[in-house]
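Me: I am new to this structure. Please take a close look at the charged side-chain pairs and at the metal site.

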Amino acid sequence: MFRLTKEHGRMIGKVKNKENVTKSALASLRLAIKSYFKTYQVASEKGIVKDMYIEEVDAFYEFTMERIDIFCDNTDYQEVYLQCIFHFHHFFELLLKDVLASVHPKLAHKVKLDGDNSAIILDILLNKNPQDLTEDNTAEFMTSLNRVINLMKLNDTTIPIISKIVSDNKQTLVDLNQLRNRVWHKGVYLLRINELDQFISQNVLPLAVRCLNFSNYNELESYWKYKEASSSLDPITEIIRSGQGQIDYKRIAFFKAYGLACYTMPAWEFDVNQVEERAHAIGNAIPDMDVVTCFVCNKKTLLVSTETDFDTDEEGAPVSIWVKSIAAECLNCSLKIFPDIGEPQSHGVECDEMWKFEDVLTE
Ligand SMILES: [Zn+2]
């Protein structure tokens, strides 16, 4: 049986040549964003995406809101939701601690003074022996958050600018902490998927971007960010934009799928010819399949599948027959979209109309 000893494992500590950047914070950020992007796939599979952008005046509005409620019970949604919240929480927690450590190496640690050893407390109060007040353990999330904010009270020019950003956005971090803690109590507590879109696009992503720009965590995109798509639209920027004013759930859904493909896009093109050949062969072999150029990876590897369906009259004779597109999937970058995101070109990418609907009944 495996028994953990000091010989096992490897320490993945701080980023080289960067002051106070914990690598696992960036790994968590990557996981958080990826998990958030994955919420599109699970919602689309259950037919929830269209429910999210139905208007309040619609006769089915109440019914669709109920479907969104019930979707919280879906275990695939719970899985990606929990990963998203936990990892964003972990990212911000480590970032706050790294900010504190940049002011003083032990500022992120727990302080012993509230312990029960009167002798130590008296020594400190009477200023007798200089004592190390810190423990090995680092402080809790809320303590770290308040310490970063209270740095501003020091009136010192060396105080990091990020303290002001964190202070201005305190509520977002308090809410994130609450969402993470609530998961542990009395069963799983989750935000509905439309509420998650609001929280992430309007609060969490804008704050994460500002924190990354104004801290030692800047210029480390290779640790957490996806590769750039050929259309050069940035999914995080577009999701933040879609959350402003009247939130555009359809556009957010599109950029989640697009962002996930940017993460899975191959870094090397050594076997791209083979992938293109395979896509071409599938297109030739299956009549219901079109092969088009993918707007994420710019290869002719995006398969658009169609299905044929019909309605009959009382005698069973067909009264209408139609062919419609049902999904698009890229063999190279794994982009996977469905008609529930609308036409890709309506979101700013350059491509031909993707979803076809043709009535093919001939008299
Ligand atoms: Zn692609």
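Reply: Here is a walk through the salt bridges, then the zinc site.

This is a predicted model, in which local features need pLDDT of at least 70, side-chain atom pairs count only at pLDDT 80 or more, and totals for chains, interfaces and linings use all residues. Residues are numbered from 1 along each chain as its sequence is written, and side-chain values use heavy atoms, with hydrogens and water left out.

Side chains of opposite charge can pair when their charged atoms come close. A salt bridge here is a side-chain nitrogen of Lys or Arg within 4 Å of a carboxyl oxygen of Asp or Glu. The whole structure holds 11 salt bridges.

Start with Asp 51 and Arg 67. Their closest N and O atoms are 2.6 Å apart. Asp 51 sits in helix H2 (residues 49-52) and Arg 67 in helix H3 (residues 61-71), so this salt bridge ties together parts that are 16 residues apart in sequence. Helices are DSSP runs of H or I with at least four residues, strands are runs of E with at least two, and both are numbered from the N terminus. Asp 51 is buried, at 8% relative accessibility. Arg 67 is partly exposed, at 28%. Buried means under 20% relative accessible area, exposed over 50%, and partly exposed in between (1.4 Å probe, protein chains only).

Next, Arg 192 meets Asp 69 in a salt bridge, 2.3 Å from N to O. Arg 192 lies in the loop between helix H8 (170-182) and helix H9 (193-213), while Asp 69 is in helix H3, so the pair ties together parts that are 123 residues apart in sequence. Arg 192 is partly exposed at 32% relative accessibility. Asp 69 is partly exposed at 35%. A network of salt bridges links Asp 69, Arg 192 and Glu 195.

Lys 97 and Glu 93 pair within one helix. Both lie in helix H4 (residues 75-103), 4 residues apart, about one turn of the helix. Their salt bridge spans 3.2 Å, N to O. Both residues are buried.

Now the metal. The zinc ion has protein donors Cys 294 (SG), Cys 297 (SG), Cys 330 (SG) and Cys 333 (SG), lying 2.3 Å from it. Donors are N, O and S atoms within 2.8 Å of the metal (3.2 Å for Na, K and Ca); water is not among the atoms, so sites may look incomplete. The 4 donor atoms subtend angles of 104 to 120°, which makes the arrangement tetrahedral (four donors, all angles between 85 and 135 degrees). Cys 294 and Cys 333 are both buried.

Technical notes:
Tetrahedral: all angles 85-135°; square planar, octahedral: opposite > 155°, others 65-115°.
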